[in-house]
Amino acid sequence: MAVPDSPASARWRTAAACAGLPPEIVFARREKEARPALEACHRCPVARRCEESVAPAESYFDGVSGGRLWRNGRLVRLRGDYVARPIDTSDFDAAIVA
Ligand code: SF4
């Protein structure tokens with residue numbers, strides 16, 4: 001799903017911990033390929049905003065969002081011990097470095 005571009009969406013995307021990762025990792029459908037993105041989620045200050053914006057279930061999303069892996073909008077059961085929900089940042093604006 002394409003997230004509409006706006007100044008606000010551009011700001012949270014800039015703060016994403018996965019910002020430097022290639023698309024084939026962020027939008028991977030399998031855990032093995034998605035692992036670097038899943039690990040990035042653990043230190044991501046905009047994890048909640050990511051999942052709210054992507055709305056994986058509603059958008060039939062494939063890839064990593066909010067610390068979880070999605071395939072066709074459904075959660076993928078993960079095996080890695082690195083898997084956990086990321087720290088929830090309720091105020092993403094405060095987490096973004098200007
Ligand atoms: S929660 Fe994960 S997938 Fe979403 S922006 Fe942060 S690092 Fe990227």
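Two strands are taken to pair if DSSP finds at least two bridges between them. By that criterion, S1 and strand S2 (residues 68-71) qualify in this predicted model, as three bridges join the two strands, which run antiparallel. The paragraphs below begin with the overall fold, return to the sheet, and then turn to the ligand and its cavity.

The secondary structure of the chain comes to six helices and three strands. Read from the N terminus, the elements follow the order α-α-α-α-α-β-β-β-α. The chain has 98 residues, of which 41% count as buried. One of the buried residues is Ala28, which is found in the loop between helix H2 (23-26) and H3. Why does Ala28 count as buried? Its relative accessibility is 5%, and the class takes in residues under 20%. Ala28 also takes part in a contact across the sequence: Ala28 and Asp62 are 34 residues apart along the chain, yet their C-alpha atoms are 6.8 Å apart in space.

The three strands form an open sheet with the order S1-S2-S3 and antiparallel pairing. S1 and strand S3 (74-75) are the edge strands, each of which pairs on one side only. In general, strands of a sheet pair through backbone hydrogen bonds, either parallel or antiparallel. Between S1 and S2, Gly63 stands opposite Trp70 of S2, and Ser65 stands opposite Arg68 of S2. S2 and S3 are paired over two bridges, again in the antiparallel sense. Trp70 reappears here, with Leu75 as its bridge partner in S3.

Both connections within the sheet are hairpins, and each has a residue with positive phi. The hairpin of S1 and S2 has two residues between the strands, and Gly66 takes a positive phi near 65°. The hairpin of S2 and S3 likewise has two residues between the strands, and there Asn72 takes a positive phi near 55°.

Where does the ligand lie with respect to the empty space of the protein? The space taken by the ligand is the largest cavity. The structure holds one cavity of 30 Å³ or more, and the largest cavity has a volume of about 100 Å³. Its lining is made up of 13 residues, and those closest to the centre are Cys18, Cys41, Cys44, Cys50 and Gly66. H3, H4 and S1 each supply at least two residues of this lining. The largest share, three residues, comes from H3. By class, the lining has 10 nonpolar, three polar and no charged residues.

The shell around the ligand can be described in the same terms. The residues around the ligand are Trp12, Ala16, Cys18, Ala40, Cys41, Cys44, Ala47, Cys50, Val64, Ser65 and Gly66. At least two residues of the shell come from each of helix H3 (31-41), helix H4 (47-54) and strand S1 (63-65). Nine residues of the shell are nonpolar, two are polar and none is charged. Two members of the shell link back to the sheet described above. Ser65, a neighbour of the ligand, is the residue that stands opposite Arg68 in S2. Gly66, also around the ligand, takes the positive phi in the hairpin of S1 and S2.

Terms used:
Residues are numbered from 1 along each chain as its sequence is written. This is a predicted model: local features need pLDDT of at least 70, side-chain atom pairs count only at pLDDT 80 or more; totals for chains, interfaces and linings use all residues. Side-chain values use heavy atoms; hydrogens and water are left out. A residue is near a molecule or strand if one of its heavy atoms lies within 4 Å of it. On a 1 Å grid over the protein atoms alone, a cavity is a set of points where a 1.4 Å probe fits but cannot get out, and a pocket is an open set with protein on both sides within 12 Å along at least five of seven lines; lining residues have an atom within 4 Å of a point. A molecule sits in a cavity or pocket if more than half of its atoms lie within 2 Å of its grid points. Helices (H or I, at least four residues) and strands (E, at least two) are DSSP runs, numbered from the N terminus. Ala, Val, Leu, Ile, Met, Phe, Trp, Tyr, Cys and Pro count as nonpolar, Asp, Glu, Lys and Arg as charged, and the others, Gly among them, as polar. Grid points are joined across faces, edges and corners, and a volume is the space filled by probe spheres set on the points. Buried means under 20% relative accessible area, exposed over 50%, partly exposed in between (1.4 Å probe, protein chains only).
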